[in-house]
Amino acid sequence: MANPIKPDKQVVTTCAYCGVGCGFKAETHQGRIVRMIPWKEGKANHGHSCIKGRFAYDYYVSDDRVTTPLIRKSIDDPWTPVSWETAIQHAASELRRVQAKYGAKSVGAVSSSRCTNEEIFLVQKLARAVMGNNNIDNCARICHSPTQFGLSATVGWGAASQHFDSIMQADVIMVVGANPTEGHPVFGSLMKRRLRQGAKLIVIDPRRTETVQSPHIRADVHLNLRPGTNVAVLDSIAHVVVREKLYNEAFVRERCEFDEFERWAAFVASDRYSPDVVGPEAGLDPDLIRKAARLYASGPNSAIYYGLGVTEHSQGSTGVMCLGNLSLACGMLGREGVGVNPLRGQGNVQGGSCLGSWPHVFSGYRFVTDDEVRSSFEQDWGVALDPEPGLRLPNMFDAAIAGNFRGMYIMGEDPVQSDPNQSHIIEAMRQMECVVIQDLFLNETSKYAHVFLPGSSSLEKDGSFTSAERRVNRVRKVVEPLAGYQDWEIVVMLMNAMGYPAKYAHAGEILDEIARLSPAYKGISFELLDRIGSAQWPCDENAPTGTEVLHREKFPRANGRGTFMLTEYVPTAERTNDKFPLLLTTGRILTQYNVGTQTRRTENNRWHSEDVLEISEHDARTRGIRDGDRVKVSSRFGSTELKAKYSERVGSGIVYTTFHHAETRINVVTSDLSDWATNCPEYKVTAVEVTKVAAEGAQKRAKSKTREEAVTA
Amino acid sequence: MSQTAGHSDQIRPSRAVPLDRLIVMSNQIADFFSPYPPARRAEGIRNHLRTYWDPRMRQDLIDYISSGGAGVSPYIVEGVRLLTSGEDKKGYYGPPKA
């Protein structure tokens with residue numbers, strides 16, 4: 001159908017909907033976006049797009065957009081619209097009041113992977129240089145923090161080793177805990193293209209996802225393991241690689257710490273990681289584990305792509321280390337077609353990780369505890385900085401309940417909806433004396449906020465995103481910010497009101513500061529990105545247009561060698577029992593994005609208007625549940641209601657749902673367990689029971705119980 | 001050893017994160033480092049606490065261990081000993097390693 005509206009302007013920008021980072025030409029007519037055209041020169045998408053990037057842009061003109069700053073004294077009061085000046089002054093004086101009353105470390109800041117690199121960097125600066133502490137975190141805490149930890153421990157950098165196009169040289173593709181056809185569709189299509197050319201596919205996932213079997217695709221090996229057994233299964237694959245001597249000894253001797261390899265090899269070769277032992281525990285045929293190991297090691301080019309199914313576990317960091325170990329042992333790093341690649345959920349998770357929105361590292365993954373690094377920031381910023389790591393996001397909530405944390409600035413995040421064990425977070429939020437939220441819409445978290453600063457969408461601002469392939473892409477302002485300011489401008493106003501002089505003429509000056517203070521971004525500037533389109537870090541004098549494949553000659557570790565970590569399998573404390581006999585795992589669907597804040601406000605919502613509980617017909621029938629019945633899902637933490645859907649994608653004993661709709665409140669159910677190293681929540685494993693809701697109950701809107709009610713029930 | 005840390009009367013209020021949470025977190029860290037030889041295990045734990053934990057969380061753990069440390073893994077006790085023995089000054093503040 002011909003487009004009835006003829007665009008009068010075209011701006012090339014980057015989609016914010018996932019870590020692929022597709023380039024789009026945003027077309028406007030009289031200041032309003034009328035079309036998003038996939039950009040042929042986009043290095044990640046080459047003119048392709050998915051259903052979100054192409055169509056789900058209208059949220060930016062949703063009637064729900066807040067366009068005036070709001071303040072209130074208590075969270076029980078109604079909001080009062082005020083001027084920008086009043087709101088900023090109020091936020092600044094309240095945060096300062098809380099600090100004066102409870103101490104400098106009683107407040108903190110949280111940024112989001114929906115923000116640009118420039119904004120994430122500035123929010124870090126707000127916490128460190130203005131609030132004067134390192135209580136700064138970002139939402140990668142709850143998705144890919146184990147990636148940074150696990151990959152930096154083994155291969156040196158917590159980032160994808162490859163560019164997306166590298167997959168076209170892969171002979172064996174191993175997808176672990178990810179579903180690219182739903183979560184990263186444009187990359188998923190590229191992967192399918194390579195599979196149709198004959199590449200072999202190993203999928204490790206409890207669900208029989210579309211990646212396992214769909215038109216033109218059939219995995220050669222599908223390890224549909226029990227949720228929570230990743231580390232055991234990956235160690236078992238390593239066991240086969242070592243016992244059958246399938247590893248690449250020449251690579252290990254030349255590129256790795258050989259004594260660490262020997263220690264690791266002896267560790268995984270232990271009988272306890274034999275497929276005959278691990279298979280039954282993980283619910284797998286031991287021969288399938290052997291087949292996966294042999295296939296991966298045989299290559300010649302084997303590439304690993306993984307997602308939150310690896311990281312969101314109490315052993316998330318260990319699972320990532322397993323992948324690093326395996327790729328080093330088999331020599332699957334340092335050239336095209338191989339590698340270890342995290343698939344990032346949100347548009348700028350990689351940027352969020354790179355740019356210092358962490359309590360322990362500055363931008364460029366450099367430690368706040370390192371005197372030399374810290375002094376370079378102190379010189380640039382002109383203030384003394386805290387030499388100690390700050391609180392992580394989940395610890396901020398813990399500290400709030402313990403009485404030691406009372407104020408927060410949150411940009412673009414909705415932790416009450418997206419973080420686990422919702423009752424605990426609500427209890428924490430109620431303790432706060434000053435919560436400042438900067439967002440497009442009022443959300444679950446703003447119910448507990450005192451100041452609301454209306455932010456701008458990625459279509460309304462300038463900056464950059466760093467995609468999952470380390471590619472820094474330009475974000476360009478397509479339309480004017482609806483509430484008057486780009487997000488980075490609002491942070492600058494808040495910094496100034498809190499007494500720190502910050503001044504930037506445009507977002508490019510913030511990127512210049514990033515480049516000055518972060519070695520991997522040294523050569524990146526708006527000028528470079530405008531000239532060559534995009535650049536993958538590291539980008540510096542040795543690689544003036546960026547780097548597609550990492551680790552070609554050495555690993556970014558002190559001695560240049562990759563190393564092996566011992567990865568003992570420790571079963572999660574979350575276990576099934578008679579009361580909660582099923583395992584709930586969560587994920588995404590193609591048409592919706594994350595907590596749905598944006599996509600639910602577009603026509604995309606028609607494709608997936610509610611979250612449903614996928615359950616095997618066997619488990620459903622034994623509970624008297626019919627397809628489409630409303631059911632209650634209960635865990636030790638709480639319960640919620642949603643509609644059941646018979647599914648062949650989940651095996652008996654496992655149920656699955658998405659988390660795109662706030663009313664599902666699935667995070668009332670999820671547990672408080674988290675990764676040992678990073679506190680990334682264990683979203684992927686919660687023991688639950690599912691029961692049919694009586695007819696009259698089904699008429700009511702899903703109503704959730706608090707933890708206390710659930711315990712006594 | 002069966003006493004639940006968070007409910008002990010002798011425990012002072014936490015400086016940041018509740019003590020029962022700190023004990024769970026530190027015991028998970030001990031589990032990870034358990035396959036390493038004793039010296040590296042202790043150093044790995046010390047490095048992790050030093051590099052990733054807010055100092056108030058560290059201090060609460062140190063205090064709790066010196067008051068008996070019920071429920072805390074002995075591996076953590078070894079790692080914390082390095083934190084407090086002054087060797088911390090030479091500690092490793094970098095990417096994770098054991």
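Chain A splits into four pieces in the domain assignment: domain 1 (9-61), domain 2 (70-139 + 348-536), domain 3 (145-342) and domain 4 (582-712). Keep in mind that this is a predicted model. Two spots get a look here: where domain 1 of chain A meets domain 2 of chain A, and where helix H10 of chain A crosses helix H11 of chain A.

**Domain 1 against domain 2**

- Going by C-alpha atoms, the centres of domain 1 of chain A and domain 2 of chain A sit 25 Å apart.
- On the domain 1 side, 19 residues of chain A are in contact with 20 residues of domain 2 of chain A.
- Three strands of chain A each put at least two residues into the side of domain 1 that touches domain 2: S1 (9-14), S2 (23-29) and S3 (32-38).
- S1(A) chips in the largest share of that side, with four residues.
- Sorted by class, that side of domain 1 of chain A has nine nonpolar, seven polar and three charged residues.

**Helix H10 against helix H11**

- H10 (residues 275-282) and H11 (residues 286-298), both of chain A, have axes that come within 8 Å and cross at roughly 115 degrees.
- Angles of 65 to 115 degrees count as roughly perpendicular, so that's the label for H10(A) and H11(A).
- The crossing of H10(A) past H11(A) is right-handed.
- H10(A) makes the contact through A:Pro275, A:Asp276, A:Val278 and A:Gly279, while H11(A) brings A:Pro286, A:Ile289 and A:Arg290.
- That contact of H10(A) with H11(A) breaks down into four nonpolar, one polar and two charged residues.

Notes:
Residues are numbered from 1 along each chain as its sequence is written. Chains are lettered from A and ligands numbered from 1 in the order in which they are written. This is a predicted model: local features need pLDDT of at least 70, side-chain atom pairs count only at pLDDT 80 or more; totals for chains, interfaces and linings use all residues. Axes are lines fitted to C-alpha atoms, for helices over the stretch in contact, and angles run from 0 to 180 degrees between N-to-C directions. Angles under 35 degrees count as roughly parallel, over 145 as roughly antiparallel, 65 to 115 as roughly perpendicular and the rest as oblique. A crossing is left-handed if the near helix is turned anticlockwise from the far one by less than a right angle, and right-handed if clockwise. Two residues are in contact if their C-beta atoms, placed from the backbone, lie within 7 Å. Ala, Val, Leu, Ile, Met, Phe, Trp, Tyr, Cys and Pro count as nonpolar, Asp, Glu, Lys and Arg as charged, and the others, Gly among them, as polar. Domain bounds come from an automatic or database domain assignment.
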